[in-house]
Amino acid sequence: MTSASVRFVPYCAPAVSGRIQGAVITFDAVTKRFADGTVAVDDLSLEIAEGEVVVFVGPSGCGKTTTLRMINRMVEPTSGRIVVDGRDAAATNPAELRRRIGYVIQQIGLFPHRTVAANIATVPTLLGWDERRKAERVEELLALVGLPAGTAGRYPHELSGGQRQRVGVARALAADPPIMLMDEPFGAVDPIVRARLQEEFLRLQATVRKTIAFVTHDIDEALRMGDRIAIFSEAGVLEQYDAPRDLLNDPANAFVEEFLGEERGLKRLGLIAVSEVAAEPGPVVSPGDSARRAVEVARAHGTDWVVVVGGERTLEGWVSLHELDDDAQRVGDGLVRPFALQVDANDSLRAALNAMVTSRTGVAVRVSGGGVYEGILTQELISKEIR
Amino acid sequence: MSLPAALPTVAQAGEALIRWDWIARNTGRIQGLVVEHVELTVVPVLAGLAIAFPLSLAAVRWPGFYAPLLSVTGLLFTLPSLALFVLLLPFTGISRTTAVLPLTAYTLLVLTRNIVEGFRGVSSDVREAAAAMGYTRLRQLLTVELPLALPVIVAGLRIATVTTIGLVTVTAVIGQGGLGRLFLDGVRLRFATPLLVGVAGCVALAVVADLGLLAVERRCTPWRRAGA
C-alpha cells in the first residue's frame with residue numbers, strides 16, 4: 001500500500017466515506033501461555049474484516065492486550081496461527097511487519113528527544129523516505145488530526161495530553177499502514193477530551209477506513225467505537241463476538257449480560273439513529289389555522305396539543321389546547337411554545353427519549369438541520385425498538 | 001627523576017608565596033606538563049568508556065550481570081592508587097602504560113553505573129513504542145535509547161573526568177603525573193610556587209573539562225531546554 005492511494009481530508013471537514021484501506025487479520029486457534037503457566041489467551045479463533053473496527057473488551061487479565069500485541073508480534077503466541085494481510089505473522093520479520101501496523105498506546109510513548117514532526121515521521125524515516133516527502137506527510141497528518149502546523153517544531157513535553165495523543169495517532173498513521181492497533185488510546189485523558197477524541201476518531205476512521213483492533217475495558221467506549229466487539233472473560237476466553245446491537249439484543253451468556261451492564265435497552269437506543277425509524281406526521285397546524293381546526297387535529301391524534309408549522313414547513317413550536325379556548329382565535333395568536341429539545345436524523349433514539357421525558361408533550365420533535373419539521377417520535381415507537 | 005636545569009637549585013626561605021619570575025622562566029615546561037596531564041586524563045577516560053559501554057549494555061540486556069559488574073568495578077575503585085602504580089612497575093616499568101592502566105580502571109565504576117542507569121531510565125513506554133514502530137534493536141539503541149540516556153551518561157563522564165584529573169597527579173611518583181610533577185618539585189625544593197601552579201592548573205583543567213562536557217551535553221540534548 002502506498003500513501004498515494006489514500007485520500008485524506010482535513011479533520012474538520014464533514015465525514016466522507018473513504019475507500020477501504022484495511023487488511024484482514026485472522027486468528028486461528030491461537031493460545032498464549034506465559035512462562036509462569038498463566039493462560040492469557042485460550043484457543044482464540046477470530047477474523048477482523050478489512051476496514052472494520054473491532055474492539056477487544058473485558059475485565060483486566062482477560063488477555064485483550066495480549067491478543068492485540070500478538071498481531072504485531074510484540075507477544076509471540078504459544079500455539080496457533082495469526083495471518084495479517086495474507087501473510088503468516090510468525091513468518092514475517094517483526095520490524096518489517098510492525099512498520100505496516102500503526103500502534104497507539106495509552107501512554108503514547110512519544111520520543112521526548114524528537115520534535116513532533118520527527119515523531120510523526122518515525123516510520124517514514126525507518127522506511128527511508130526523503131525529507132521532502134516526510135515534511136509533506138507531516139503537514140498533511142497534522143491537519144488530519146487537527147493540530148496547528150506550528151506544532152511540528154515543538155517537543156512532546158510542550159504539548160497537552162490531548163495534543164500528545166493526537167500526535168500519537170498521527171505517528172501511527174504516518175506510513176499509511178492498512179492496520180492500526182490501539183490499546184486504551186484515550187484512557188489517560190479526561191472525560192471531556194476523551195469524548196472529543198472518540199468522536200474525531202470515528203470521523204477519521206470514516207475517511208481512512210483502516211482495519212483497527214482497539215482495546216478498552218470500558219463497555220460504553222466499546223459500544224461507541226466498535227463495528228464489532230469481542231468480549232473476553234478471565235483467562236482469555238472469547239465469550240461473544242458480535243456487532244454492538246446484536247450483543248445488546250442477544251447476549252450469549254450471563255457473563256456477557258453482566259459485562260454489558262445495566263440499562264441495556266437504553267444502550268441499544270444509543271446505537272440506533274433517529275433516521276432509522278419512521279417519524280409520525282403528528283398533529284400539525286399552521287399559524288393561520290383557526291382554534292377550532294387545531295382542536296379537531298388534536299382530537300384526531302388523541303393529544304391536547306398541536307405542532308405549529310409555518311411556511312416552508314419551518315417548525316415554530318407547540319400550543320396547548322387549553323390556551324385555545326376561543327373558537328375565533330387563530331393558532332398563531334396564542335402562546336406558541338418552543339420545543340426545548342429537538343432531534344435530527346443523526347441523533348440517537350436515546351437522545352430522542354431524553355427529549356420526550358423532558359417535554360410536556362411527551363414526544364420528541366424531529367427537524368432537519370435547517371429547522372424544517374420532519375415529524376414526531378413517540379414513546380410507543382421507542383418501546384417497539386427496545387422490545 | 002631528573003630536574004630541568006632551569007629550576008633554581010637552592011630552596012629560598014622567606015620568599016614571596018608566588019615567584020612570577022619562576023613561572024615566566026618555566027612557561028614552556030608548564031605547558032608541556034599541561035599537555036601531558038590532558039593526555040593522561042583523556043586516554044584513560046576514553047579507554048574506560050570503551051570498556052564500560054559494552055559491559056553496561058550487557059548489564060542492561062542481562063540484569064543478572066549488573067551486580068557482579070558493579071562488584072568488580074567497585075573493587076577496582078577501592079584499590080589504593082599509589083600501591084597500584086607501584087605494583088604495576090615490575091610489569092610495565094616507568095611508562096605511560098603504568099599510569100594509564102590504573103587510571104582507566106578507576107573510571108569504570110562511575111561510568112558503568114551511569115551508563116546502566118542512563119539506559120534503565122529510558123521509559124518503557126518509549127522503548128515499547130519504538131519496538132512497535134518497527135525499529136531494529138541496534139537502531140533503537142543508538143537513535144532512541146542512547147540520546148535519552150545521554151544526560152546521565154555525560155554526568156558520569158564528568159565525574160570520571162574530574163576524578164581522573166586529580167588522580168593523574170599521583171602518577172608523578174612513577175615519572176608521569178602531568179602537573180603533579182610540579183608538586184614533587186615544590187616539595188623537593190621547599191619552594192611553594194610550583195606547588196601552587198600545579199594545584200591551580202589541576203583545578204583549572206577540572207573546571208574547563210567539566211564545563212566543556214556540560215556544553216557538549218546541552219548541545220546534544222536540545223529537547224531538554226525547549227519551552228521550559
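In which hand does α2(B) pass α5(B)? The crossing is right-handed, and Figure 2 shows it. The model is predicted: local features need pLDDT of at least 70, side-chain atom pairs count only at pLDDT 80 or more, and totals for chains, interfaces and linings use all residues. Residues are numbered from 1 along each chain as its sequence is written, while chains are lettered from A and ligands numbered from 1 in the order in which they are written.

**Figure 1. Chain A holds 14 helices and 16 strands.** Helices (H or I, at least four residues) and strands (E, at least two) are DSSP runs, numbered from the N terminus. The C-alpha trace of chain A spans about 85 × 50 × 35 Å along its principal axes. Of its 387 residues, 43% are buried (20 or more other C-beta atoms within 10 Å of the residue's own, with C-beta atoms placed from the backbone).

**Figure 2. Helices α2 and α5 of chain B pack with their axes 6 Å apart.** Helix α2 covers residues 27–61 and helix α5 residues 96–120. Their angle is about 40°, which makes α2(B) oblique to α5(B). Axes are lines fitted to C-alpha atoms, for helices over the stretch in contact, and angles run from 0 to 180 degrees between N-to-C directions. Angles under 35 degrees count as roughly parallel, over 145 as roughly antiparallel, 65 to 115 as roughly perpendicular and the rest as oblique. α2(B) passes α5(B) in a right-handed crossing (the near helix is turned clockwise from the far one by less than a right angle). The residues of this contact divide into 20 nonpolar, 5 polar and 1 charged. Nonpolar means Ala, Val, Leu, Ile, Met, Phe, Trp, Tyr, Cys and Pro; charged means Asp, Glu, Lys and Arg; the others, Gly among them, are polar.

**Figure 3. Chain B meets chain A with 16 residues from B and 19 from A.** Contact means C-beta atoms, placed from the backbone, within 7 Å. On the chain B side, α6 (124–133) and α7 (137–168) each supply at least two residues. The largest share, 7 residues, comes from α6(B). This side has 11 nonpolar, 3 polar and 2 charged residues.

**Figure 4. The largest nonpolar core has 120 residues.** Such a core is a set of buried Ala, Val, Leu, Ile, Met, Phe, Trp, Tyr and Cys residues joined through C-beta atoms within 7 Å. A:A170 and A:A213 have the most contacts inside this core. α5(B) gives the most to it, with 11 residues. Another core, of 30 residues, lies apart and includes A:V306 and A:V331.

How values were computed
Buried ≥ 20, exposed ≤ 12 C-beta atoms within 10 Å, placed from the backbone. Contact = placed C-beta atoms within 7 Å.
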